[in-house]
Amino acid sequence: INEINNYIKDIFYDITNINDLEIKYITNIEFNEDKEVMKDKFLSKLNDNYEREKLYGNSLYGPHRDDFSFFLTNKDLSIYGSQGQLRCAMISYKLSELEIFNKYKKEYPILLLDDVFSELDLNKRNNIIKYLKDDIQTIITTTDIDMIDKQIVSKAKIITIDNGKVIKQEGMVNNE
């Protein structure tokens, strides 16, 4: 989370021109510096809820139930943010992951952007596209190719799918 926060704030600002995005880890277990105290509290929580967990048929507490949330100027975006802000936060998160992956593996993973441009204005779309470097293989799905910068489209392989079937392929990348 800390490493993601090293990137996400700047990326979100580059896309939206809004400062102070932060990701926070939300846990259902109380953290404590003393590991034994934390372990005892967790075991107590499990014991106190054993019957309830049996009734539901799954574990109600533990790290598998933890999550993260986006906060903009210390306000939870899931409550106070717009759909566009949430989408930009998630895209910023994905772009942060790319940079972290590259930092450790010295290469970029494949980036999948599924209908990423819906609900975003042209300015934000173009700001996202600035992050699509030539050395990042990117797959973008869209119902409207006009939503994508012409320069990106000119370097792309376009596959048109209709009713689940490929009906048209055009363009080449790296002498395919």
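This is a stop-by-stop tour of a predicted model, with what to select and what is there.

**Before you start**

Residues count from 1 along each chain as its sequence is written, and side-chain values use heavy atoms, with hydrogens and water left out. Because this is a predicted model, local features need pLDDT of at least 70 and side-chain atom pairs count only at pLDDT 80 or more, while totals for chains, interfaces and linings use all residues.

Helices (H or I, at least four residues) and strands (E, at least two) are DSSP runs, numbered from the N terminus.

**Stop 1: helix α1 and its link to α5**

Select isoleucine 4, which lies in helix α1. It counts as buried at 11% relative accessibility. Buried means under 20% relative accessible area, exposed over 50%, and partly exposed in between (1.4 Å probe, protein chains only).

Now add asparagine 49. Its C-alpha atom and that of isoleucine 4 are separated by 34 Å, with the two positions 45 residues apart along the chain.

Next, select glutamate 3 and lysine 103. They form a salt bridge, with the closest N and O atoms 2.9 Å apart. A salt bridge here is a side-chain nitrogen of Lys or Arg within 4 Å of a carboxyl oxygen of Asp or Glu. Glutamate 3 lies in helix α1 and lysine 103 in helix α5 (residues 83–105), so the pair ties together parts that are 100 residues apart in sequence. Glutamate 3 is partly exposed at 23% relative accessibility. Lysine 103 is also partly exposed, at 42%.

**Stop 2: the other salt bridges**

How many salt bridges does the structure hold? There are 5. Two more of them are worth a click.

- Lysine 54 and glutamate 51: the closest N and O atoms are 3.8 Å apart. The two residues are 3 apart in helix α3 (residues 50–56), so about one helical turn separates them. Glutamate 51 is exposed, with a relative accessible area of 54%.
- Lysine 94 and glutamate 97: the closest N and O atoms are 3.7 Å apart. These residues are 3 apart in helix α5, so they too are separated by about one helical turn. Lysine 94 is partly exposed at 39%, and glutamate 97 is partly exposed at 30%.

An α-helix has 3.6 residues a turn, so residues three or four places apart point the same way.

**Stop 3: the sheet β1-β2-β3**

Show the strands as cartoon. An open sheet of 3 strands runs in the order β1-β2-β3, with antiparallel pairing. β1 and β3 stand at the edges, each with a single partner strand, so one side of each has no neighbour in the sheet. Two strands pair if DSSP finds at least two bridges between them. β1 and β2 pair over 6 bridges. Select tyrosine 25: phenylalanine 68 in β2 stands opposite.

Two loops here deserve a look at the backbone. Asparagine 17 lies in the loop between α1 (2–16) and β1. Its phi is near 65°, a positive value in a residue other than glycine. Asparagine 17 counts as exposed, at 57% relative accessibility. Threonine 73 is in the loop between β2 (67–72) and β3 (75–76). Its phi is near 45°, again positive in a residue other than glycine. Threonine 73 is partly exposed at 47%.

**Stop 4: from β1 into α2**

Which residue lies in the loop between β1 (21–26) and α2? Select phenylalanine 31. It counts as exposed at 54% relative accessibility.

Add Ile1 and Tyr25 and switch on the surface. With Phe31 they form a nonpolar patch, with about 320 Å² of accessible area together. Patches are made of residues with over 30% relative accessible area and no salt bridge; like charges are joined within 9 Å, nonpolar side chains (Val, Leu, Ile, Met, Phe, Trp, Tyr) within 5 Å. Accessible areas come from the Shrake-Rupley method with a 1.4 Å probe; for residues, only the protein chains shown count as cover.

Move on to helix α2 (residues 35–48). At 1.5 Å a residue, its 14 residues should span 20 Å, and its end C-alpha atoms are 20 Å apart, which agrees. The expected span is 1.5 Å times one less than the number of residues.

**Stop 5: strands β4 and β5**

Finish at strand β4 (residues 111–114), where the side chains alternate. Leu111 and Leu113 point to one face and are buried. Leu112 and Asp114 point to the other and are not buried. β4 pairs with strand β5 (residues 138–141) in the parallel sense over 4 bridges. Last selection: aspartate 114, which stands opposite threonine 141 in β5.
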